[in-house]
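Please walk through this structure, moving from its ring pairs to a loop residue and then to the surface.

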Amino acid sequence: MERQQDYVLRTVEERGVRLIRLWFTDVLGQLKSVAISPAELENAFDEGMHFDGSAIDGFSRVQESDVLARPDPNTFELLPWGDREDVSARMFCDILNHDGTPFEGDPRQVLKRNLDRAREKGFSFMVAPEMEFFYFEDGDPSHLPRPLDSGSYFDLTTADVASDLRKRTLQVLEAMGIPVEYSFHEDAPSQHEIDLRYTDALSMADNVMTFRLVVREIALEQGAYATFMPKPLAGVQGSGMHTHMSLFEGDRNAFHEPGDQYGLSKVARGFIAGLLHHAGEITAVTNQIVNSYKRLIVGYEAPVYVTWARNNRSALVRVPVTKRGKESSTRIEYRAPDPACNPYLAFSVILAAGLRGIEGGYELPPESSANVFELTPEERAAEGIEPLPQSLSDALDLMEGSELVAEALGEHIFEWFLRNKRAEWFAYKSQVTQFELDRYLPNL
């Protein structure tokens, strides 16, 4: 760590960095920033930067407000925008109590704690999310969103503004050390997808936070607007954050078993079974806003039922087919999360559910080979197929009774999250929508 700190201090001096932005997130995954000068950097490494935690939603109560932000030198990157003469950089921070212990309201510390628990069992957790989002003309909510293009899957829209936006975004991501595996136009008008390359879950959560900022910043530079709202347009697909994952034991993929029918090890089977068993309990975290549940409906390729399969996109958990000769790259894909989630908390509860399945010896149910959307309610009931929560309220009810989620998040975040999201649901339920006026006012 000291060597990395020395590298950061040296780079700041050699590159003439004038401002270092210390980043962290609140409980809902909103990026926060404290800017310091190079003169304060060494002290920030040694002691952390003091700030009032009660000013951050979900952090501290007024009577216990003081916390410290200590930058992680491994996350140092120069910011590739703005004036070339005014160089700035960023680092993600861990939030600490004044005695140096991890602050329990810090989502990054929550993920680190869950990763430590996996590490105690010999596992490292690797993830690769598919980030979907929309470009619109502006972010004005007083009118319906106006897409920049009318493309669909893999369309080559070289003349469209959206194509240039995505190209510029990829360049900036590369400059910030965030490798991209794929990039293409998604199914809905002006919907795009950029898939981030596999890495450890903590680095990936940092990358997701950076990614969302970069996408928005580049769009604003070009006079457009980017959103990670899961379902901004009715009648088309919403945006998901399908997350590919695997556990590793050293350099060995713990999910792979050469002699198995599906290439899945006992560890992988237990992990999948844990995800399926606890899927309803973790959904409020992986899909945390009212709008998330407008995406999780039949007819738009989003998962609705708790099933697993290999090459079946109606399943909640999918086991992608590996390339010939690369069977050791075995992974699973969890298709429920959306890009509005807090990645630190989402990865935490996903990992906790999978580990519980391994520890508890959960039995993997049979693969669902049929299109679950086409089964009748009676057929689904006969096969024991349960639905995911259909609203934020339903999801919160399941989360509230979950010992697993409470343990994964910690008491502080668990209780605050429930209070905050109950208030969001109440505010939503209190509204009279245009749908209700159109449907009921003329006839009742």
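**Ring pairs, a loop threonine and a surface patch**

Tryptophan 425 and tyrosine 428 sit three residues apart in helix H12 (residues 411-429), so about one helical turn separates them. The model shown here is predicted. Tyrosine 428 has a relative accessible area of 31%. That value makes tyrosine 428 partly exposed, because buried means under 20% and exposed means over 50%.

Now take the aromatic rings across the model. The count comes to 10 aromatic pairs. One of them joins phenylalanine 125 and phenylalanine 271. Their ring centres are 6.2 Å apart, and their planes meet at 35°. The pair is therefore tilted, since stacked needs planes under 30 degrees apart and edge-to-face needs over 60.

Where do phenylalanine 125 and phenylalanine 271 lie in the chain? Phenylalanine 125 belongs to strand E7 (residues 124-136). Phenylalanine 271 belongs to helix H6 (residues 266-286). The two are 146 residues apart, so this pair links distant parts of the chain. Both partners are buried: phenylalanine 125 has a relative accessible area of 3%, and phenylalanine 271 has 0%.

Go back to helix H12 with this in mind. The rings of tryptophan 425 and tyrosine 428 have their centres 5.5 Å apart. Their planes lie at 45°, so this pair is tilted. Ring pairs also build a cluster, which takes in Phe133, Tyr135, Phe211 and Phe228.

Next, look at a loop. Threonine 75 lies between strand E4 (66-71) and strand E5 (77-78). Is threonine 75 buried or exposed? Its relative accessible area is 10%, so threonine 75 counts as buried. The side chain of threonine 75 reaches the backbone nitrogen of phenylalanine 92 at 2.8 Å. What else does threonine 75 touch, leaving aside neighbours within four places in sequence? Its contacts are Arg90, Met91, Phe92, Arg108 and Asp206. Phenylalanine 92 thus appears both as a contact of threonine 75 and as the residue whose backbone nitrogen the threonine side chain reaches.

Finish at the surface. Val432, Leu437 and Leu441 form a nonpolar patch there. Together they have about 300 Å² of accessible area. Leucine 437 is placed in helix H13 (residues 434-440). Its relative accessible area is 36%, so leucine 437 is partly exposed. A patch residue needs over 30%, and leucine 437 meets that cut-off because its value is 36%.

Technical notes
Residues are numbered from 1 along each chain as its sequence is written. This is a predicted model: local features need pLDDT of at least 70, side-chain atom pairs count only at pLDDT 80 or more; totals for chains, interfaces and linings use all residues. Side-chain values use heavy atoms; hydrogens and water are left out. Patches are made of residues with over 30% relative accessible area and no salt bridge: like charges are joined within 9 Å, nonpolar side chains (Val, Leu, Ile, Met, Phe, Trp, Tyr) within 5 Å. Accessible areas come from the Shrake-Rupley method with a 1.4 Å probe; for residues, only the protein chains shown count as cover. A salt bridge is a side-chain nitrogen of Lys or Arg within 4 Å of a carboxyl oxygen of Asp or Glu. Helices (H or I, at least four residues) and strands (E, at least two) are DSSP runs, numbered from the N terminus. Buried means under 20% relative accessible area, exposed over 50%, partly exposed in between (1.4 Å probe, protein chains only). A polar contact is a pair of N or O atoms within 3.5 Å; within protein, one must be able to donate a hydrogen and the other to accept it, and residues adjacent in sequence count only if both atoms are side-chain atoms. Contact means heavy atoms within 4.5 Å. Rings of Phe, Tyr and Trp (its six-membered ring) pair if their centres lie within 6.5 Å; planes under 30 degrees apart count as stacked, over 60 as edge-to-face and the rest as tilted.
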